[in-house]
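Here are a few exercises on charged side chains and on how the copies of a chain are arranged. Have the structure open and work through them one step at a time.

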Protein chains: 2
Amino acid sequence: MEMGKKTARTTTTEALLGLLSICPMSGYEVRQMVETSIGNFWSESYGQIYPALKRMVADGLAEMKETRTEGRPAKKVYSLTERGQERLGEWLGIPAERQVYRNELLLKLFFGSRAEMPFLRSQIEVRRNALAVDLARYHEIEKRVLGFDEQPGKKFWLMTVRYGIAEAKALMVWCDDCLKEMQ
Amino acid sequence: MEMGKKTARTTTTEALLGLLSICPMSGYEVRQMVETSIGNFWSESYGQIYPALKRMVADGLAEMKETRTEGRPAKKVYSLTERGQERLGEWLGIPAERQVYRNELLLKLFFGSRAEMPFLRSQIEVRRNALAVDLARYHEIEKRVLGFDEQPGKKFWLMTVRYGIAEAKALMVWCDDCLKEMQ
DNA sequence: GGGTGCATGTAATGGGTTACATGATTCT
DNA sequence: AGAATCATGTAACCCATTACATGCACCC
């Protein structure tokens, strides 16, 4: 019953390995990075980040150096150790698992016959609008990334952005189809 | 900092309200329903279902009746009360929130410059294949649902299936684009 | 007697967000 | 003096999965 998965699950630690591989950072900067660069498909809160960084140092995956900049509070900058880089490499080699994302909109839609049609339509309209906003933002990001100098990460960042674009476009079409159905 | 969301979050209870509105069921049957009908966009485990059903009875949202069928273990069948139906209606009226899904594949891809290209390609190939399998299954489901008699839920079930189809198709194209990029 | 499917549940564990708590520095 | 931003952390809580525990009924 309800079977065994030996959980080699991806977690905060792996995300931090990746981020620190781009450049050494403090916990606060990690949080900002998450929001500005991988925020479209990943999230981390302080409550996860700070303890994880500590653990990584304890496990020999990262090193900490306290630094002071003129006119700023002191900060603790973390960088990967040799072992941390190895660990990152290992993790990148394991195929990503697909968990079932819980999709609240689809759940509500599935029970649509119990709802009032106008409410339901508005559900879809709200989503369509949100997707349009996303799409515009993704195009912005794409343009910005295209402007970067040639660097190793560039092509991969573009791929992640284009995932967002492909998904948003497809789902907008789906929304339109649904709205037609609901007349 | 890290702001207040007054959490009217969707949870097991709401999903159960919906499922029980389709027909009265036992916890065991709920689990089966989840796997066979909404499993593509929702998940629930026994560890959630049984306690939630109990709570719903305590909150006056559902009623329990123990029934015995010849040659089967006894089971506890739950059905919605008046209040349960109202609660379902209210929930259906609230626009679904979008949480940021954590997408492990994109996370790995974002750090792609630290990985070996063959590993990375295989990540994408694995995903492409999984999507193809999904797509075939969705088409199967679509065909089956189209065969149903006319009933209130039918058009909504089709919408949820077509969401899966739209998404899978778009992401397969994305996979192909990525693979071309990675040569 | 043993495997399988039906059926109900709890406890341990994991992983995450939110709220709380504190403090430096800079700008207005 | 007060607001905003930079900076670090902990504790409470929530929700979910996994593993464990039990038992009936049926068929081989």
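**Exercise 1.** In this predicted model, find which residues are linked with Arg98(A) in a network of salt bridges.

*Solution.* Start from Arg98(A) and look across to chain B: the network links Arg98(A) with Asp134(B) and Arg137(B). For the wider picture, a search of the whole structure gives 24 salt bridges over all chains.

**Exercise 2.** Work out where the partners Arg98(B) and Asp134(A) lie, and whether each is buried or partly exposed.

*Solution.* First, the distance: the two side chains form a salt bridge at 2.8 Å, N to O. Next, the location: Arg98(B) is in the loop between α4 and α5 of chain B, while Asp134(A) is in helix α6 (residues 117–146) of chain A, so the pair joins two chains. Last, accessibility: Arg98(B) is partly exposed at 42%, whereas Asp134(A) is buried at 9%.

**Exercise 3.** Now do likewise for Glu44(A) and Arg102(B), which form a salt bridge.

*Solution.* Their closest N and O atoms are 3.0 Å apart. This pair also crosses between chains, from the loop between α2 (27–37) and α3 (46–58) of chain A to the loop between α4 (82–93) and α5 (104–110) of chain B. Buried means under 20% relative accessible area, so Glu44(A), with 5%, is buried. Arg102(B), at 25%, is partly exposed.

**Exercise 4.** Which turn lays chain A on chain B?

*Solution.* A turn of 180°, with a shift of 0.0 Å along the axis, gives an RMSD of 0.0 Å. That is the relation of a two-fold axis. The same surface serves both copies, as 100% of the contact residues of chain A recur in chain B.

Note on methods:
Residues are numbered from 1 along each chain as its sequence is written. Chains are lettered from A and ligands numbered from 1 in the order in which they are written. This is a predicted model: local features need pLDDT of at least 70, side-chain atom pairs count only at pLDDT 80 or more; totals for chains, interfaces and linings use all residues. Side-chain values use heavy atoms; hydrogens and water are left out. Copies are superposed by least squares on the C-alpha atoms of residues with pLDDT of at least 70 in both. Contact means heavy atoms within 4.5 Å. A salt bridge is a side-chain nitrogen of Lys or Arg within 4 Å of a carboxyl oxygen of Asp or Glu. Helices (H or I, at least four residues) and strands (E, at least two) are DSSP runs, numbered from the N terminus. Buried means under 20% relative accessible area, exposed over 50%, partly exposed in between (1.4 Å probe, protein chains only).
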